[in-house]
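Colleague: Please take one helix of this model and go over it closely. I would like the buried and the exposed parts kept apart.

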Amino acid sequence: MNSISQAEIQKRRTFGIISHPDAGKTTLTEKFLLFGGAIQTAGAVKSNRIKKAATSDFMEIEKQRGISVATSVMGFNYKNYKVNILDTPGHKDFAEDTYRTLTAVDSVILVVDCVKGVEEQTRKLMEVCRMRNTPVIVFINKLDREGKDPYDLLEEIEKELNIHTRPLTWPIGIGGTFKGVYNLYEKQLNLFQADKTKIAKEIVAINDLEDNILNDLVGDKLANKLREDAELIEGIYEEFNHELYLESYLAPVFFGSAINNFGIQELLDTFVKIAPEPRGRETENRLVKPDEKNFTGFIFKIHANLDPNHRDRIAFCRIVSGKFERNKFYHHTRLNKKLRFSNPTSFMANDKNVIEEAFPGDVVGLYDNGNFKIGDTLTEGENFLFKGIPSFSPEIFKVLENKDPLKTKQLEKGITQLTDEGVAQLFTQQPGNVRIVGTVGELQFDVIQFRLMHEYGAACAFSQLSYQKASWFTSDDKIELERFNTIKKYNIATDKDGRQVFFADSIWSLKMTQDTFPKINFHFTSEF
Ligand code: G4P
C-alpha cells in the first residue's frame, strides 16, 4: 500500500460515546462537534428524547429514526485527525443496535454521571467492550453538581466495571465548590467558568504544586486538598501506561462538565493522541489488517428510508482495509454477487456527501434495495465473513399474527427485511410455521407493527409468549441432540439461518435444562 494511505489510516479515530441515558452522551457529542468546528451552535444534535418517553409514541419513534439517520456517524476534522463518532442509541430497548455499533468502533469514551455513578446500562455496555477488548476512556461528567467523592467513583468504576483506572485530571472541589480540574499529566490547572456557550480558556501552568499561586487561585483549603490528592494519586497509581490502555486493561479517567464545555478540550486532545488508529478485524479464516492493499468492509447497521414510497435503505459499511472507491465492483461474499455503488455517502457532521473514496476507519453509507443484512462482508474477491457481529439472545418473545390474509406476501417481505435490518430476530417454530419475533425491548414490537403497516401495508398483531430467554444450542453427540430435540420439541425453533434455538420459560428452567443435558452446549450470542 502506498504511503498516502498509510497516513490516511494513522490520522483516523473511529469511536463511540457510551453511557447510561442522561449521563451526558449527547451533550458531550455536541461539544466535540463544536470543538471540531463541525457545528457552530450548541443544540444542533438533538437529544435522544425517546429515551424519556415512558410509553411508546409512534411520532417519537419516527422522529428518533430521523434523528438517528442524521447522527448515525458524525465525522469531523480536528487538528490533523479525522474523527468519526458513531452514535449509539440511548434507549435500552435499542441496546442491541448499540452493541452492533460497538463492533465498528476502535475505542470508546464512557460517560459517567458523578452524582449517579455506575448505572445499569453502563455495566452492560462495558461488558460488550470487554468482550471485544475495546480500549476505554472514562469521562466523569456533571462536576458542577454535588456528586460522589472522586475516590469513591474510581473505586466503583474499578469494581463494578472490572477495569483498572488511572486519573489523568483531578477535580478541585465539586458542585458548589467546584473550581476546576488539575491536569496531572500536563501539570496544568484549568479554572472552571460556568459557561455554556464559550470554551473555557483560563488554563494556568503549575509546574510546582507548592507554588503559592495555587492558593491565590483556588483558596487555601482547596489548594492544600489538591496537594494532598496529587501526592496520594502519585502514590497509589502507576504512571499512565499507554500500552495497557490499548490492551483495554486500563482506563484513563477525566473529570469535567460537558454542558459547561469544561474539561472537554483536555479530553479531546488526549483522546486523539492516545486512542487507537483503525484496527484490523478477525474473519472466519484470518485477521485482516487495515494496511492491506485490497478493500474489505462489513455492514453493521441498516437504516430504512424514512419515506415509505422509497423502499431503499442505507447500509452502513465500516471499512476495514484498503481503499474504497465509488463505482468499483465489490464482492458481496454471502450472496456471491458483484455490487457497485454509484452514490456512496460519507457523513460529515450533519451533512451527507457523495464520496469518491474512503479509508479504513471510515463509515460509508451504501444505498441498498435489499441485498444487505447485518454482518455482510464486502471484499475485492476473497471469500470470508467478518466475525464479531453477533446477535444477542433476545428476552421478549411474541407470535406474529397476520391480520390481513390478502397481505401475506407483504407481511413476509416486511418482517424479513426488518429483521435483516436488525430491528428484531425472527424464529420459526414447527408444526405450523409459527413466526416468533424476539427482541430485547418492548418498544421494538411497536416499531415493527408501525413499520409493517406504513412501509409494507401489512397489518399484524402480536401475542405474548411466556419464554424469558433464548439460546442457540449445539452438541457433538448426535443421539443426545436428538433426545433433546424430542423432549423439548415445544420449546425449540430455528433462526433465520436455520440454526436451532431453545426457548426457556425462565432463567431457573434454563439452568435446570443445562444441568439435565450436560452434553448440550448453550450459546447466548449467535456467534459460537
Ligand atoms: P444522554 O445523551 O447521555 O442521555 O444525556 P444528555 O446529553 O441528553 O444529558 C442529560 C441531561 O444532563 C441534560 O439535561 C443535560 O443538559 C444535562 N447535562 C449534561 N452535562 C451536564 C453537566 O455537565 N452538568 C449538568 N448539571 N448537567 C448536564 P436535561 O434537563 O435532560 O435536558 P436539557 O433540557 O438541558 O437539554
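Which residues on the other side of α5, away from its buried face, are exposed?

Modeller: Glu127 and Met131 are the exposed residues on that other side of α5. This is a predicted model, in which local features need pLDDT of at least 70 and side-chain atom pairs count only at pLDDT 80 or more, while totals for chains, interfaces and linings use all residues. Residues are numbered from 1 along each chain as its sequence is written, and side-chain values use heavy atoms, without hydrogens or water.

Helix α5 takes in residues 120-131 (helices are DSSP runs of H or I, at least four residues; strands are runs of E, at least two; both are numbered from the N terminus). Its twelve residues should span 16 Å at 1.5 Å a residue, and the end C-alpha atoms of α5 are 17 Å apart, which agrees. The expected span is 1.5 Å times one less than the number of residues.

The buried residues of α5 are Gln121, Thr122, Leu125, Met126, Val128 and Cys129. Viewed down the axis of α5, these buried residues fall within an arc of 155°, so they line one face of the helix. Here buried means under 20% relative accessible area, exposed over 50%, and partly exposed in between (1.4 Å probe, protein chains only); the arc is taken over directions from the helix axis to the C-beta atoms. An α-helix has 3.6 residues a turn, so residues three or four places apart point the same way.

What lies over the buried residues of α5? The cover includes the strands β1 (12-19), β4 (107-113) and β5 (136-141), along with the helices α4 (95-101) and α6 (150-161). Contact means heavy atoms within 4.5 Å.

Cys129 shows this covered side at the level of one residue. Cys129 sits in α5 and is buried, with a relative accessible area of 2%. Leaving out residues up to four places away in sequence, Cys129 touches Ile18, Leu102, Val108, Thr134 and Val136. Thr103 is 26 residues from Cys129 along the chain, with 8.9 Å between their C-alpha atoms. Just after α5, Asn133 takes a positive phi of about 50°.

For another helix to set beside α5, take α10 (residues 264-274). Nine of the eleven residues of α10 are buried, so this helix is largely enclosed by the rest of the structure. The buried residues of α10 are Ile264, Glu266, Leu267, Leu268, Asp269, Thr270, Phe271, Val272 and Ile274. In α5, by contrast, the buried residues line one face, and Glu127 and Met131 are exposed on the other side.
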